[in-house]
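Here is a set of questions and answers on the structure shown below.

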Amino acid sequence: MGINKIVYSIMLWNIHGANGYGLYKTPDFVINKVLSEKKDIVILTEFIRASEWKSICERFSNYYWIYTYPTPSQNNNEILIMIKKGLFVIEQSNDMGNLVPIILSENKINPDFLEVPLSTNKNTLHIIGMRIRDKDHIPQFDILKNYLNSLPKNDLVICGGDFNEWANPIKAKIPTGYSVNTPRYKMIPNDFQSLSTWSAVPKNKNTEKTGKAIIDHIVSKNILSVSLSDYLWDFVSKDNGYGSRKSDEYKSDLPCLPDHGILIGEFRI
């Protein structure tokens, strides 16, 4: 593979830490799933450093450089970004052990956000994990847009996360020059249950009606190509605590269990 065409694999997953549940514990199958996929870059949203974080960190650190907030968040869920050890082009250009991630100030307006800036032979590669929280989307998108606009125009950007909106509305809320990358899907018009792939099954707070949705995406800039697989739901099983629930059913009422599909793919720089 030529140095001008480097491919990195990526995994994105909202693991449903949901701060409000109190005594959160990361399920073992979440850790095992991340390790078994062996992706170059992992972004976990709704992540919480619970009491077992030290032992989890030891397991992850055998394979990954680990980055999250300097101190545990007091009010919001965090973001976890991990970069696979042994990626030559990245490690030859970065002091991975001393790399300091970028965060936004923790308040009710900013989205959940974490960035790991990586030097490459093609300017800086900004790996960003983010989540637009359920309320007040517009100011959070404005902050994200302003931040993306502040990055050097020739830098490379991979911004993955739970945007809590479909691709078309997002396109109108991000800067010109950025792309929204989502797995290709089929759907009968206005029949959301017919979606061929989906990232979540939310519930309408007014009607209590549930339906499939595609709200987890990768926003990119100056990336040669992004290729994404269908959202992965193979972790939903009785053994993992989901009982009789299926992947196309509502799961957000199940404490600590992921309620979003896993987004897996590759990007080329």
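Q: How far is the sulfur of Cys-57 from the closest cysteine sulfur, and which residue holds that sulfur?
A: This is a predicted model. A disulfide requires two cysteine sulfur atoms within 2.5 Å. The sulfur of Cys-57 is too far from its closest counterpart for a bond. That counterpart lies at 19 Å, in Cys-256.

Q: How many disulfides does the structure hold?
A: Cys-256 takes part in no disulfide, since the cut-off is 2.5 Å and its nearest cysteine sulfur, that of Cys-57, is 19 Å away. The total for the structure is 0.

Q: Is Cys-256 buried or exposed?
A: Buried means under 20% relative accessible area. The relative accessibility of Cys-256 is 14%. Cys-57, at 23%, is partly exposed. Cys-256 therefore counts as buried.

Q: Which residues of helix α1 are buried?
A: Helix α1 covers residues 28-37, and 7 of its 10 residues are buried, so the helix is largely enclosed by the rest of the structure. Charged residue types appear in the list beside nonpolar ones. The buried residues are Phe-29, Val-30, Ile-31, Lys-33, Val-34, Leu-35 and Glu-37.

Q: What phi does Lys-38 take?
A: Lys-38 comes just after α1. Its phi is positive, at about 55°.

Q: Which residues make the nonpolar surface patch of about 270 Å²?
A: One member sits in the loop between β8 (179-181) and β9 (216-221), namely Phe-192. Patch residues need over 30% relative accessible area, and Phe-192, partly exposed, has 40%. The patch is made by Tyr-185, Met-187 and Phe-192.

Methods. Residues numbered from 1 in each chain as written. Predicted model: local features only at pLDDT ≥ 70, side-chain atom pairs only at ≥ 80, totals over all residues. Heavy atoms only, no water. Patch = residues over 30% accessible without salt bridge, like charges linked within 9 Å, V, L, I, M, F, W, Y side chains within 5 Å. Areas by Shrake-Rupley, 256 points an atom, 1.4 Å probe, with all protein chains shown as cover. Salt bridge = Lys/Arg side-chain N within 4 Å of Asp/Glu carboxyl O. Helix = DSSP H or I, 4+ residues; strand = E, 2+ residues; numbered from the N terminus. Buried < 20%, exposed > 50% of the residue type's maximum accessible area, 1.4 Å probe, protein only.
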